[in-house]
Amino acid sequence: VSALVGSPATAFAGSLVVDPVPPTIALSANAVLDDGFISAADSAAAITVTGTTDALGRTVTLTITDGTTPITVTAVADAVTGAWAANFNASPLADGPITVSASISDLAGNPATATHAPITKDTMAPPSPAMTLTVDSGIAGDFITNDASLTIPSLATGDTRSFVVDG
């Protein structure tokens with residue numbers, strides 16, 4: 001084989017490795033994310049996400065989004081263990097469904113992605129219930145009654161209510 005100008009080509013004497021297998025990547029258990037919620041306190045602090053991969057020494061890209069605002073952070077997988085950790089702050093994200101995913105490519109360019117189970121950011125405190133006590137003493141505003149009936153509006157599913165009667 002030669003070029004158009006007559007220069008001979010150099011033969012390749014070596015071997016090539018074809019790697020069609022994508023790497024593995026996993027998101028590890030996390031106390032903040034695994035309860036399924038990001039609270040106001042969680043949102044105000046750095047949230048750490050950890051995981052492992054067999055793409056040793058490669059960069060992991062963590063993407064956290066509310067569907068509108070993406071947050072992207074990176075971490076480098078340990079060259080021996082493949083462990084990685086990345087921190088993010090959830091305060092820019094809107095309340096509602098949040099998606100957390102980690103992606104990586106191996107040396108051959110094969111991609112892999114892991115996605116955490118859906119979580120919800122909920123930083124809004126529930127409204128205080130408006131309780132009323134039936135007044136039966138006949139004098140408005142004296143806060144005296146012999147009827148311990150309370151009127152309590154409906155609460156959200158999973159909420160509990162309790163009250164203490166003194167005396």
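Two strands count as paired when DSSP finds at least two bridges between them. Keep that handy for these exercises, and remember that the model is predicted.

**Exercise 1. Work out how E4 and E5 are joined, and what sits in the turn.**

Step 1: Start with the strands. E4 covers residues 59-65 and E5 covers residues 70-76. They run antiparallel and share seven bridges, which clears the cut-off of at least two.

Step 2: Pick out one pair in the ladder. Thr63 has Thr72 in E5 as its bridge partner.

Step 3: Look at the link. Four residues separate E4 from E5 in this hairpin, and Gly67 in the turn has a positive phi of about 95°.

**Exercise 2. Follow the pairing from E4 to E7 and on to E8, naming a pair of opposite residues at each step.**

Step 1: E4 and E7 are antiparallel, with five bridges joining them. Here Thr61 sits opposite Ser103 in E7.

Step 2: Move on to E8. E7 (residues 96-105) pairs with E8 through five bridges, again in the antiparallel sense. Ser101 faces Thr115 in E8.

Step 3: Check the connection. E7 and E8 make a hairpin with five residues between them, and the turn includes Gly109, whose phi is positive at about 90°.

**Exercise 3. Sort the side chains of E8 by the face they point to.**

Step 1: Walk along residues 111-115; the side chains alternate.

Step 2: Ala112 and Ala114 go on one face and are buried. Pro111, Thr113 and Thr115 go on the other, and these are not buried.

**Exercise 4. Is Ile25 buried or exposed, and what does it touch?**

Step 1: Place the residue. Ile25 belongs to strand E1.

Step 2: Apply the cut-off. Buried means under 20% relative accessible area. Ile25 is at 13% relative accessibility, so it counts as buried.

Step 3: List contacts beyond four places in sequence. Among them are Thr52, Val60, Trp84, Ile104, Ala112 and Ala114.

Step 4: Look at a partner far along the chain. Thr115 is 90 residues away in sequence, yet the C-alpha atoms of Ile25 and Thr115 are separated by 9.6 Å.

Step 5: Put Ile25 in its wider setting. The largest nonpolar core has 26 residues, and those touching the most other members are Ile25, Leu62, Ile64, Trp84 and Phe88. Strands giving two or more residues to this core include E1, E3, E4 and E6. E7 supplies the largest share, four residues.

Conventions: Residues are numbered from 1 along each chain as its sequence is written. This is a predicted model: local features need pLDDT of at least 70, side-chain atom pairs count only at pLDDT 80 or more; totals for chains, interfaces and linings use all residues. Side-chain values use heavy atoms; hydrogens and water are left out. Buried means under 20% relative accessible area, exposed over 50%, partly exposed in between (1.4 Å probe, protein chains only). A nonpolar core is a set of buried Ala, Val, Leu, Ile, Met, Phe, Trp, Tyr and Cys residues joined through side-chain atoms within 4.5 Å. Contact means heavy atoms within 4.5 Å.
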